[in-house]
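Biologist: Mind if we go through this one together? I'd like to hear the reasoning behind each label you put on it.
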Amino acid sequence: ESQEIPGGMLAVGIPEYRLPKQVLKKEIDAIQAYGIEFQLGKELGKDFTLDQLKALGYKAIFLAIGTHRGLKLKVPGENELDGVWDCIDFLRRVNLAEKISIGKRVVVIGGGNAAVDSARSAIRLGAEEVTIVYRRSRKEMPANSWEVEEAELEGVKILFLSAPVRILGKDGKVAGIECLKMKLGEPDASGRSRPIPMEGSNFVIETEL
């Protein structure tokens, strides 16, 4: 396990309000009760190799690396400004209780569970205004519907049919995000309606770090 704690994405990718640490601990304790040993803080290709494991006599090796890397927006400003995180990194830092300065106004891009978890976590960290920007409609959101409803009850705003085109900065820090309004077209490979940019509909959402 590459992390210093067992559990993988269950431990560092899902907020405690959704998956209490004690519940996860019971599951891990049950696994250890079978005599299974955890090697923590060990990364494949860095701390050990498959050949080394074979040399130690292991007859079977199962890789369950997971997806500990978030998606990139691929828009200007994403990699140059302080205060821009991908959801996976942000949730990992939240779950490991690392110090995070998020400011008063936060914008989250995406419509999946990781985006909703990030928005609700930002509320819990003290953000006064949290907005989710999603390029399709509510109907196409892949996040659990009840998670979306609970986020709204907690004060999270959701801006549908909008997509980011660039991240704005000031003094090296994120200061806002420029978006473009979208309309839905024919279904794409995912089976959902394809979002189509509406030319000239640009607008800016300010953030505060």
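What follows is a chat about how the labels on this predicted model were reached.

Biologist: Let's get our bearings. How many helices and strands are there?

Modeller: The protein chain has six helices and seven strands. Along the sequence they come in the pattern α-α-α-α-β-α-β-α-β-β-β-β-β. The C-alpha atoms fill a box of roughly 65 × 40 × 35 Å along the principal axes, and 33% of the 209 residues count as buried.

Biologist: And how far along the sequence do the contacts reach?

Modeller: Take contacts between residues at least 6 apart in sequence: 59% of them join residues at least 24 apart.

Biologist: Now the helices. Why are α4 and α5 called oblique to each other?

Modeller: Helix α4 covers residues 87-95, helix α5 covers 113-124, and they pack at an angle of about 45 degrees with axes 10 Å apart. Roughly parallel needs an angle under 35 degrees, and roughly perpendicular starts at 65. The angle of about 45 degrees fits neither class, so α4 and α5 are oblique. The crossing of α4 past α5 is left-handed.

Biologist: Which residues meet there?

Modeller: From α4 you have C87, F90, L91 and V94; from α5, A114, A115, D117, S118, S121 and A122. By class, that contact of α4 with α5 holds seven nonpolar, two polar and one charged residue.

Biologist: What makes α5 and α6 roughly parallel, then?

Modeller: Helix α6 spans residues 145-153, and α5 packs against α6 at an angle of about 20 degrees, with the axes 10 Å apart. The cut-off for roughly parallel is under 35 degrees, therefore the pair of α5 and α6 gets that label. Here too the crossing is left-handed, with α5 passing α6. On the α5 side the contact is made by N113, V116 and R120, and on the α6 side by E147, V148, E150 and A151. The classes in this contact of α5 with α6 are three nonpolar, one polar and three charged.

Biologist: Back to α5 for a second. How do you know that D117 is buried?

Modeller: D117 sits in helix α5 and has a relative accessible area of 2%. Buried means under 20%, so D117 is buried. Leaving out residues up to four places away in sequence, D117 touches G13, P15, Y17, R18 and L91.

Biologist: What makes S121 buried?

Modeller: The argument runs along the same track. S121 lies in helix α5, and its relative accessible area is 3%. With the cut-off for buried at under 20%, S121 therefore counts as buried. The neighbours of S121, again without residues up to four places away in sequence, are P15, Y17, F90, L91 and V94. S121 and A151 are 30 residues apart in sequence, with their C-alpha atoms 9.8 Å apart in space.

Biologist: On to the sheet. What makes β1 and β3 edge strands?

Modeller: Three strands form an open sheet, in the order β1-β2-β3, with parallel pairing. β1 (105-109) and β3 (157-159) each pair on one side only, and that puts them at the edges. Ignoring direction, neighbouring strands in this sheet are turned by 25 degrees against each other on average.

Biologist: How do you know that β1 and β2 pair?

Modeller: Five bridges join β1 to β2 (residues 129-133). Pairing needs at least two, so β1 and β2 qualify. Among the partners, V106 is bridged to V130 of β2, and V108 to I132 of β2. β2 is mostly covered, with four of its five residues buried.

Biologist: Last stop, the loops. Why is K74 called exposed?

Modeller: K74 is in the loop between α3 (50-55) and α4. Exposed means over 50% relative accessible area, and K74 is at 77%, so K74 counts as exposed. The phi of K74 is near 60 degrees, a positive value in a residue other than glycine.

Biologist: And why does D171 count as exposed?

Modeller: D171 is in the loop between β4 (162-170) and β5 (173-187). Its relative accessibility is 74%, against a cut-off of over 50%, so D171 is exposed. D171 also has a positive phi, about 55 degrees, although it is not a glycine.

Note on methods:
Residues numbered from 1 in each chain as written. Predicted model: local features only at pLDDT ≥ 70, side-chain atom pairs only at ≥ 80, totals over all residues. Heavy atoms only, no water. Axes fitted to C-alpha atoms, helices over the stretch in contact; angles between N-to-C directions. Helix = DSSP H or I, 4+ residues; strand = E, 2+ residues; numbered from the N terminus. Parallel < 35°, antiparallel > 145°, perpendicular 65-115°, else oblique. Left-handed = near helix turned anticlockwise from the far one by under 90°. Contact = heavy atoms within 4.5 Å. Nonpolar A, V, L, I, M, F, W, Y, C, P; charged D, E, K, R; others polar. Buried < 20%, exposed > 50% of the residue type's maximum accessible area, 1.4 Å probe, protein only.
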